[in-house]
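Visitor: Could we take one part of this model and go through it slowly? I'd like to know what sits around it, with the cut-offs spelled out as you go.

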Amino acid sequence: MPTSTSVQRTVLVGAVLVLTLGACGQQRASDSAAGAGSSASPSAPGASPYVEPGAGDGAPHYNENNAYRRTGEMSPAHERDAERDAARIEPVLKRLWEQGKWDPATVRAALLELGYEEGDDALTVQEMFRRFKNNEYYTPEGAMVGLRVHPDACVTAFVQKSNYGVQTNGPYLETGCFEPPYGH
């Protein structure tokens with residue numbers, strides 16, 4: 001009894017699927033021989049064959065998607081200037097933290113006493129960025145400090161109930177001295 005073409009195709013497709021699925025996860029002799037002398041590790045299943053240089057998790061466009069998190073480069077001379085200003089700011093923030101004073105107005109006043117000027121291209125003191133916790137947004141107590149020392153150099157600091165910190169960095173692409181809380 002002759003079989004129809006569609007039945008033959010169905011049987012053929014089914015057989016191919018069984019053979020293909022049955023071979024999943026198995027390494028064939030030709031695979032191991034080809035990779036025996038290679039120092040490259042096999043890529044994860046479904047991974048992109050393209051990996052950007054310096055890409056953190058290897059995802060395509062990692063660098064592009066995370067550009068907002070990277071700071072600009074500082075010249076060595078400007079980095080030294082920023083480190084000098086950070087050394088001036090750190091003891092003030094430490095003193096305020098020990099006194100339990102971390103509101104933006106108090107921090108601003110203390111830093112203005114050091115001779116810094118407030119403005120877009122100078123000293124900025126503001127409240128902490130809002131955060132999401134326990135299904136709601138809140139603004140933690142504390143102050144963030146951004147000091148633009150040069151167009152390519154910043155001092156970024158914070159003081160809050162739990163701790164304080166001071167660092168130097170180049171400016172962020174979209175937010176100046178402050179690290180952006182999120183991208184867009």
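How many residues lie between E5 and E6 in the hairpin that they form?

Guide: There are 4 residues between E5 and E6 in that hairpin. Before we dig in: this is a predicted model, where local features need pLDDT of at least 70, side-chain atom pairs count only at pLDDT 80 or more, and totals for chains, interfaces and linings use all residues. Residues are numbered from 1 along each chain as its sequence is written, and side-chain values use heavy atoms, leaving out hydrogens and water.

Helices (H or I, at least four residues) and strands (E, at least two) are DSSP runs, numbered from the N terminus. E5 and E6 run antiparallel, with 6 bridges joining them; strands pair if DSSP finds at least two bridges between them. One of the partnerships is Val 155 with Thr 168 in E6.

E6 covers residues 164-169, and Asn 169 lies in it. Asn 169 is buried, at 6% relative accessible area (buried is under 20%, exposed over 50%, partly exposed in between, with a 1.4 Å probe and protein chains only). The Asn 169 side chain makes a polar contact of 2.8 Å with the side chain of Thr 156. That term covers N or O atoms within 3.5 Å; within protein, one must be able to donate a hydrogen and the other to accept it, and residues adjacent in sequence count only if both atoms are side-chain atoms.

Now look at what packs on the hairpin. The buried residues of H4 pack against H5, E4, E5 and E6, contact being heavy atoms within 4.5 Å. The buried set in H4 includes Asp 85, Ile 89 and Val 92. Asp 85 is buried at 14% relative accessible area and, beyond residues up to four places away in sequence, touches Tyr 116, Leu 147, Val 149 and Val 155. So Val 155 shows up twice: as the bridge partner of Thr 168 and as a neighbour of Asp 85.

H4 also has an aromatic link to E6: Trp 97 in helix H4 and Tyr 164 in strand E6 are 67 residues apart. Their rings form a tilted pair, 5.6 Å centre to centre with 50° between the planes. Rings of Phe, Tyr and Trp (its six-membered ring) pair if their centres lie within 6.5 Å, with planes under 30 degrees apart called stacked, over 60 edge-to-face and the rest tilted. Trp 97 is partly exposed at 30%, and Tyr 164 is partly exposed too, at 22%.

As for H4 itself, its end C-alpha atoms are 35 Å apart, which agrees with the 34 Å its 24 residues should span at 1.5 Å a residue; the expected value is 1.5 Å times one less than the number of residues. Gly 100 follows H4, with a positive phi near 75°.

Last, the core. The largest nonpolar core has 22 residues, and Val 107 and Leu 111 touch the most other members; such a core is a set of buried Ala, Val, Leu, Ile, Met, Phe, Trp, Tyr and Cys residues joined through side-chain atoms within 4.5 Å. E5 (153-159) supplies at least two residues to this core, as do H4, H5, E1 and E4, and the largest share, 6 residues, comes from H4. Leu 111 is in contact with residues including Ile 89, Val 92 and Tyr 116, leaving aside neighbours within four places in sequence.
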